[in-house]
Amino acid sequence: LSREQQTNGSSVVVVCLVPEDLFDPKAYESLSESLPLVLVTHGARQTQRKKKLIPMAQRQYRSLQRVLPSVLVRDLGDMVSNARTKVLKPSEQPDSTAPVAQEVIEETSLKHLRILVAEDNVVNQKVLRKILARLDVTKVEIVPNGQEAVLREACQPFDLILMDMQMPVMDGLEACRRIVGRPDNLHPIPKVIFVTAHVSEGFERQCLDAGAVGFLSKPCNKKIVGERLRKFVQQEQQQQQQPQPAPQPQPQSEQ
């Protein structure tokens, strides 16, 4: 593997999935000198101590039998991706001049976001709140219909609104029109992203015509929502960095 990496320039990452009782520090040290490693251990002894038994382990599982295969694959993928990023050659690094590079998006913090969720389904409310919490977004308000979204936004500033399409009292399209169409003398008008399972032909045009900036299809997951929110933050930051036009001089009145 080391020869393959040196010859072809590929960023090979080796995953070592080792029972903690069989871990050999010397063997690990020898391997790590020539290859980037991801060390994952499993066993009950480490979790019974306050200090890590194997400090170089990126992840410790008490028992692999208690870990869902999908969760294990996801965790291993994340660790390999992080390890590979660290060993990329300069020529393999992403273009720093790209407007919204994927690596930059993944590192963008979402903690500051103030989000209003307009959703009438209680289960969907809980799912979105949980997804946002896993993305470190804690400033979240939830309302059950479009009318309450309009009223809440009028008296409380938000950066972004995740809007369901079909809701009682007032649907998402009408609520979006009212929010983006109000005077901006109270506070800045937030961006609106629709979250819906009813994506039909011409739906995107409906969203844009109502004043939204896009939509997410249900069911949502952390990856999809996170990518969309980080891209939104990057675009907002780029707009703020653009130079503002110089004020035009006012003509002087003749005396």
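Which residues in H8 are buried? Hold that thought for a moment while we set the scene. This is a predicted model, in which local features need pLDDT of at least 70 and side-chain atom pairs count only at pLDDT 80 or more, while totals for chains, interfaces and linings use all residues. Residues are numbered from 1 along each chain as its sequence is written, and side-chain values use heavy atoms, with hydrogens and water left out.

The protein chain has 9 helices and 8 strands, taken as DSSP runs (H or I, at least four residues, for helices; E, at least two, for strands) and numbered from the N terminus. Of its 255 residues, 36% count as buried, meaning under 20% relative accessible area with a 1.4 Å probe and protein chains only; exposed is over 50%, and partly exposed is in between. Contacts (heavy atoms within 4.5 Å) often span the sequence: among those between residues at least 6 apart, 57% join residues at least 24 apart.

Now back to H8. Its buried residues are Phe203, Cys207 and Ala210. They sit on the same side of H8, because they cover an arc of only 70° around the axis, judged by the directions from the helix axis to the C-beta atoms. An α-helix has 3.6 residues a turn, so residues three or four places apart point the same way. What do the buried residues of H8 pack against? The answer is H7, S7 and S8. After the helix comes glycine 211, with a positive phi near 105°.

Phenylalanine 203 deserves another look, since its relative accessible area of 1% makes it buried. The count of aromatic pairs here is 1, where rings of Phe, Tyr and Trp (its six-membered ring) pair if their centres lie within 6.5 Å, and planes under 30 degrees apart are stacked, over 60 edge-to-face and the rest tilted. Phenylalanine 203 and phenylalanine 215 have ring centres 5.0 Å apart and planes at 85°, so the pair is edge-to-face. It links distant parts of the chain, with phenylalanine 203 in helix H8 (residues 203-210) and phenylalanine 215 in strand S8 (residues 214-217), 12 residues apart. Phenylalanine 215 is partly exposed, because its relative accessibility is 25%.

Finally, drop into the loop between helix H7 (172-181) and strand S7 (191-196), where histidine 187 has its place. Histidine 187 is buried, because its relative accessible area is 12%. Leaving aside residues up to four places away in sequence, histidine 187 touches Glu153, Ala154, Cys155, Gln156, Pro157 and Arg182.
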